[in-house]
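This report is an introduction for a reader who is meeting the structure for the first time. Please keep the sequence and the model in view while reading.

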Amino acid sequence: MISRRSLLKWTAVAPALAAGSHAAFARMPHGLDALLLDERFSPEPQPGQPLIPVMRFAGDVTRVWYDHLDRRWREPGYVLGGITGSDALFVLENLAEQHGRRVVSRTVLDEPHFQGVAPISWVIAPHHPSVLA
Amino acid sequence: MSALPPDMDAAGFARLLGELRGAVGSDWVWSGAEDMFPYRDSFSPVWNTGEERHASAAVAPENVEQVSEVVRIAKRHRVPLFPISTGKNFGYGGPSPNVNGSVVLDLKRMNRVLEVNEARNYCLVEPGVSYFDLYRHVEERGLKLMLDVPDPGWGSPIGNALERGVGYTMPHFRDHFGAHCGMEVVLPDGEIMRTGMGALPGADTWQEYPYGFGPDPAGLFAQGNFGVVTKMGFRLLPLPEYYRTGLITVPKRRDLIKLIEHVNYLSDSGMISEVRFASPLSSRMADPDFAALATKLGGPSDVEMDTAAEAVDLPSWAVDLQFLGPQAATLAQWEYAKDRILSDIPGAQAIAGDHFKLPATEQQLENTTQPYASGIRRKAALGVPSLGIWEIVRDDGHVGFFPVIPRDGEAVFEAQRVLGDAQREFDLPPYFSAITVPLFWHTHTFQMVFAPSVKHDDPEHNAMVHRAMKKMVAVAAEHGWGDYRASPIYQDDVSATYSFNDHILRRFHEQLKDAVDPDGIIAPGRGGIWPRRFRS
């Protein structure tokens, strides 16, 4: 199940993410706890201080997983948005499911692929009672 | 789509779920299509077909006592359980069961690293511990130990070992089941058993001597269905002081025979870590003429391949060597390997590669400074878990067939030809050709790889892949090459190929299964072993 609080958070940001990587970054979404951007698809960092933590990687989610998500997903809460390749999302979705979280929004973006990999915007939110905020 | 357990109606299923919730808590039992979606095999070539295997429910106990209670409940209801650790067995069935309607016994909550002993070089873990978890435990405590990890490293040491998975360091650590030492198992009647010295109360050698006294049943629990493993010990490699690499090339096609013999000697003598064979001619496969030669029906001649190599001034074969140990020892071993091979194979050449003190820095792990093209994935080679390999997965995943091949050059040539010819009828990339190299993963044997991709939106492609998998298993077996590990949808096919003396091995396993688990409570069908209830 998804809590009302989480539901409100991710439904508020999903349209902005679905608009594409440039739009997502320009209109830094509210309601997420962090944003994950795959540099194979996302624009360079914009000037100014982002409203939420932005994590960047380039296809390989190992460091993001080991340094951040593995710890953060053991605790309640934490709604994560992202624009990544479908390959990275596959990895994250599997890890999320193991930690009581689900992909609650996903949109394949109408943007150039990277070596056959499609960019996808998504939101992963807590689902299991053990990690609901 | 979810299913009901065999021989059970909806009312019985509801009673089962109620009892499971009572055992582990209502938050840790799942059923219904949405909750069961993660327990499907997303890499399955029979995705969304009648052959796909679906579980009915999943239950996640917190400790061994709850596992025992779940097994007793399942036994009362005659419901098959399908144990998984972290469920990451992609390419070999993922978390999906052999029997429709099975209840997945998800051990992810049992995620404690129970002990890591730096002085005696072992660990004891639960099934839900991932390689990342174990690595973090070692790293945060600054322990001088090296793991041997599969790639990707998100699975669990127990799950991977029980699948006879492999890693990429020294020979006796790469075979993950071979490196285990002691296990705790919940048997099909709910009893808890410990193997080896774990059976002797008060023994402090559970992770040091695997056999104890009398027959050792540990092998029954790898790719088997005789119990649920709830703890397992593993031998760990003391962190080597130094890492050294080098590349050796040989000019002619048949030089592979001698090259393999030298590598066998170096490996069996404990001088080298994992090696990677390669053919520099693989870069020529983009040339249609060369590709046609390398995949020629019946295989090209040695002369044709040597002529092609000479025309582009490339050696026929290369081998990436890796050394772990004290700095002076790794240098001596590299010098010895170089002298041994170059003095025996005319035209062989050697290039010294990266070498550095361990533990490696982040930059060294990225493997960007090697002076030659290398197939080594440095993180895995140094026991550092990674998720980076998912960058090479395309479409919706793949299935894997990895036949076990003799560690012999002539056998490699024969496998190239036989398997290459066998796959020609399928519209797939050439997994086998005259430049296909063996994988040296398991301690003392070779394998080759056939891993066609699957596409959720292309059932015709998937059906072709499904046919190809079955054909490759059969053709390989005709030549004595058996698969080492298979998805549930292929386990009966593979098991049937191990047919010596009218399938006595399978019949023996069935006798054991009938004796300890006649109703098939633990993973009926796993490893091709069916209890009497399901054989009929």
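## Chain A

Chain A is built from four helices and five strands, and along the sequence these elements follow one another in the pattern α-α-β-β-α-β-α-β-β. The model described here, for this chain and for its partner, is a predicted one. Of the 133 residues in chain A, 41% count as buried. Among the contacts of chain A that have a separation of 6 or more, 60% are made by residues 24 or more positions apart.

One residue of chain A deserves a closer look for its backbone. A:Tyr78 has a positive phi of about 85°, although it is not a glycine, and it is found in the loop between helix H3 (residues 62-72) and strand S3 (residues 80-85) of chain A. A:Tyr78 counts as buried because it has 21 C-beta neighbours inside 10 Å, where 20 or more are needed for a residue to be called buried.

## Chain B as a whole

Chain B contains 17 helices and 17 strands. For its 536 residues, a compact globule would have a radius of gyration near 24 Å, and chain B, with 24 Å, agrees with this. The C-alpha trace of chain B spans about 75 × 55 × 45 Å along its principal axes.

Of the 536 residues of chain B, 50% count as buried. When contacts in chain B with a separation of 6 or more are considered, residues 24 or more positions apart account for 71% of them.

## Domains of chain B

How is chain B divided into domains? Domain 1 covers residues 10-108 and domain 2 covers residues 113-235, while domain 3 is made of the two segments 242-279 and 316-386, and domain 4 covers residues 404-490.

The centres of domain 2 of chain B and domain 4 of chain B, taken over C-alpha atoms, are separated by 30 Å. Nine residues of domain 2 of chain B are in contact with five residues of domain 4 of chain B. On the domain 2 side of this contact in chain B, the residues divide by class into two nonpolar, three polar and four charged.

## A helix pair in chain B

Helix H13 (residues 409-422) of chain B and helix H14 (residues 459-478) of chain B pack at an angle of about 145°, and their axes lie 10 Å apart. The crossing in which H13(B) passes H14(B) is right-handed.

Which residues make the contact between these helices? From H13(B) come B:Val418, B:Leu419 and B:Ala422, and from H14(B) come B:Lys471, B:Met472, B:Val475 and B:Ala476. By class, the residues of the contact of H13(B) with H14(B) comprise six nonpolar, no polar and one charged.

## Loops and backbone details in chain B

B:Thr445 lies in the loop between H13 and strand S17 (residues 446-447) of chain B. B:Thr445 counts as partly exposed because it has 16 C-beta neighbours inside 10 Å. Leaving aside its neighbours within four places in sequence, B:Thr445 is in contact with B:Val404 and B:Arg407. The C-alpha atoms of B:Thr445 and B:Asn264 are separated by 9.3 Å, although their positions lie 181 residues apart along the chain when counted as a sequence separation.

Two cis peptide bonds can be described in chain B, beginning with the one that joins B:Asp151 and B:Pro152, where omega is about 10°. B:Pro152 is found in the loop between strand S7 (residues 145-146) and helix H5 (residues 157-162) of chain B. A cis peptide bond also joins B:Leu358 and B:Pro359, with omega about 5°, and B:Pro359 has its place in the loop between strand S15 (residues 349-357) and helix H11 (residues 362-366) of chain B. B:Gln223 has a positive phi of about 50° although it is not a glycine; B:Gln223 is found in the loop between strand S9 (residues 192-194) and strand S10 (residues 228-235) of chain B, and B:Gln223 is buried, with 21 other C-beta atoms within 10 Å.

## Where the two chains meet

At the interface, 13 residues of chain B are in contact with 17 residues of chain A. By class, the side of chain B that touches chain A consists of six nonpolar, three polar and four charged residues.

Terms used:
Residues numbered from 1 in each chain as written. Chains lettered and ligands numbered in written order. Predicted model: local features only at pLDDT ≥ 70, side-chain atom pairs only at ≥ 80, totals over all residues. Contact = placed C-beta atoms within 7 Å. Nonpolar A, V, L, I, M, F, W, Y, C, P; charged D, E, K, R; others polar. Domains from an automatic or database assignment. Axes fitted to C-alpha atoms, helices over the stretch in contact; angles between N-to-C directions. Helix = DSSP H or I, 4+ residues; strand = E, 2+ residues; numbered from the N terminus. Left-handed = near helix turned anticlockwise from the far one by under 90°. Buried ≥ 20, exposed ≤ 12 C-beta atoms within 10 Å, placed from the backbone. Rg over C-alpha atoms; globule rule 2.2 N^0.38 Å.
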